Amino acid sequence: MASSRAARRHHNPLRDERDKRLPRIAGPCSMVIFGVTGDLARRKLMPAIYDLANRGLLPTGFALVGFARREWADEDFAQVVHDAVRAHSRTPFREDVWHELAKGFRFVQGTFDDDDAFDRLSATLTALDEERGTDGNHAFYLSIPPDSFPVVCDQLKRSELAQPRDGRWRRVVIEKPFGHDLASARKLNAVVNSVFPEQSVFRIDHYLGKETVQNILALRFANQLFDPVWSAHYIDHVQITMAEDIGLGGRAGYYDGIGAARDVIQNHLLQLLALVAMEEPVSFAPAELQAEKIKVLSATRNILPLEENSARGQYGPGWQGNESVCGLLDEEGFAKDSTTETYAAIALEVDTRRWAGVPFYLRTGKRLGRRVTEIALVFKRAPHLPFDSTMTAELGQNALVIRVQPDEGVTLRFGSKVPGSSMEVRDVNMDFSYGEAFTESSPEAYERLILDVLLGEPSLFPVNDEVELSWEILDPVLRAWAKKGRPETYESGTWGPASADEMLSRTGRSWRRP
């Protein structure tokens, strides 16, 4: 067994069927977007599809089909895509690429409960198979509220759009939230899996498409430098932060009743925890990666008592930079008695040999000090035996910080002697920046993820077990919060409520101020 595993890891890449470093191009296919008039489609999906075409990663006959209630002709839809691409695409606009891509644009008008509309959609895709050579391969992107999933899935089943024929494929793409709690997630998974087999379901967590998130795997497993210290023997604790400096003006309809924990911790932050804490997979094959993440999430527990090891808050009025901003309850659309949290923090532990005794602190919030997403592995303090206290008075703990956004990169904080005749040690940073190290800009997360859908590459997409295990971790926290009533208020422009600082200070730790 050991010898076969070693052989797989040390094979000669020149003997592979293809060089894994070369980009893969999607085969004949189309994508249907439900909710094509929404903000996500305009800002992310349409520009990402154009950027893929501009990079030569889509097949020549690729087709994009929009489905919505608007009374648009194909030409109207093409103009909407054109405007979205011009406003939001990452790569330069090229007329030749655009005209070739636009030949495959189609629009189907209808509502989700309209049998005739789905029959027209079926006829449209059949025609595209002939006209554009899409070959019966179609992906359905559900950029719609989760409560619309059942009716759309039923329609795809009734019209036989979900059933592939003759070795072709049909896939469904689902945006978060993946349920509201564990019970609703299981119900949602059952609805989707009654129409599409799990291997054909792609749940998009756009954070997993970011280059710096994928770089966690390279950092850990391509470098012997980090593996020996990536454990409880050396690491004191881990902080995973997603902070935003914006408020929720205009988003009450989506956010009220969901809150920061459901919106970010259940998906983004727990997925980051899984990538940081997982063991080395046998390979980067999807099943191997997913198996290791499932092991971590299965071993993850809340640190008790929850009252002391979790925190939530709502932003109040304050200053964001030099701008005076209102609190959540004064935002348009929010009720004065809303208990929706805009800040959430929880403390977790991973019950494995590698991580025993290491707390993982996860936090997210709106109207915080700045916009930043980072993973910080904070190391245990050195004994400092050769030094007296004055020599190391300004020395903190060593830390390895993975910056997900903005200014993507990795920072290593360590102690160095201050120039001069005395022995004084102070913190310094060794910094790697994507923008400075590489000339090619990173693709947008949706570019990578949409291409993976078309390629049938599910490595970066959470499966059923991951979604349900995440809810098993979060549900007890949500139930405890529901019994407490109103969240604590924190001033806009600060780093959250006092209870979040107290959560760490009880153990002699403190949050990083990025």
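Two strands pair if DSSP finds at least two bridges between them, and strands themselves are DSSP runs of E with at least two residues, while helices are runs of H or I with at least four, both numbered from the N terminus. The structure is a predicted model, in which local features need pLDDT of at least 70 and side-chain atom pairs count only at pLDDT 80 or more, whereas totals for chains, interfaces and linings use all residues. Residues are numbered from 1 along each chain as its sequence is written, and side-chain values use heavy atoms, with hydrogens and water left out.

**Exercise 1.** Work out in which sense, parallel or antiparallel, β16 pairs with β17, and which residue of β17 stands opposite R413.

*Solution.* Begin with β17, which covers residues 425–433 and pairs with β16 in the antiparallel sense over nine bridges. Within this pairing, R413 stands opposite N429. Next, turn to β15 (residues 399–405), which also runs antiparallel to β16 (residues 409–417) and is joined to it by five bridges. Here the bridge partner of A399 is R413. Finally, look at the turn: β15 and β16 form a hairpin with three residues between them, and D407 in that turn has a positive phi of about 50°.

**Exercise 2.** Give the order of the strands in the six-stranded open sheet, and explain why β3 and β6 each have one side without a neighbour.

*Solution.* The order is β3-β2-β1-β4-β5-β6, with parallel pairing. Because β3 (105–109) and β6 (201–204) stand at the edges with a single partner strand each, one side of each has no neighbour in the sheet. From one strand to the next, the twist averages 20°. As an example of one pairing, β4 (residues 138–142) and β5 (residues 170–175) are parallel over five bridges, and F140 stands opposite V172 in β5.

**Exercise 3.** Determine how the axes of α2 and α3 are arranged, and which residues of the two helices meet.

*Solution.* Axes are lines fitted to C-alpha atoms, for helices over the stretch in contact, and angles run from 0 to 180 degrees between N-to-C directions. The axes of α2 (residues 39–54) and α3 come within 8 Å and cross at roughly 90°. That makes the two helices roughly perpendicular, a term for angles of 65 to 115 degrees, whereas those under 35 count as roughly parallel, those over 145 as roughly antiparallel and the rest as oblique. On the α2 side the residues are R42, R43, M46, P47 and Y50, and they meet F77, V80, V81, A84, V85 and H88 in α3, where contact means heavy atoms within 4.5 Å.

**Exercise 4.** Find the distance between the closest N and O atoms of E374 and R512, and decide whether these residues are buried or exposed.

*Solution.* A salt bridge is a side-chain nitrogen of Lys or Arg within 4 Å of a carboxyl oxygen of Asp or Glu. E374 and R512 form one, with their closest N and O atoms 2.6 Å apart. Since E374 lies in β14 (residues 372–379) and R512 in the segment after α15 (498–505), the pair ties together parts that are 138 residues apart in sequence. Both residues are buried, meaning under 20% relative accessible area, while exposed means over 50% and partly exposed lies in between (1.4 Å probe, protein chains only). For another pair, consider E198 and R203, whose salt bridge has its closest N and O atoms 2.8 Å apart; E198 is partly exposed at 23% relative accessibility, whereas R203 is buried at 2%.
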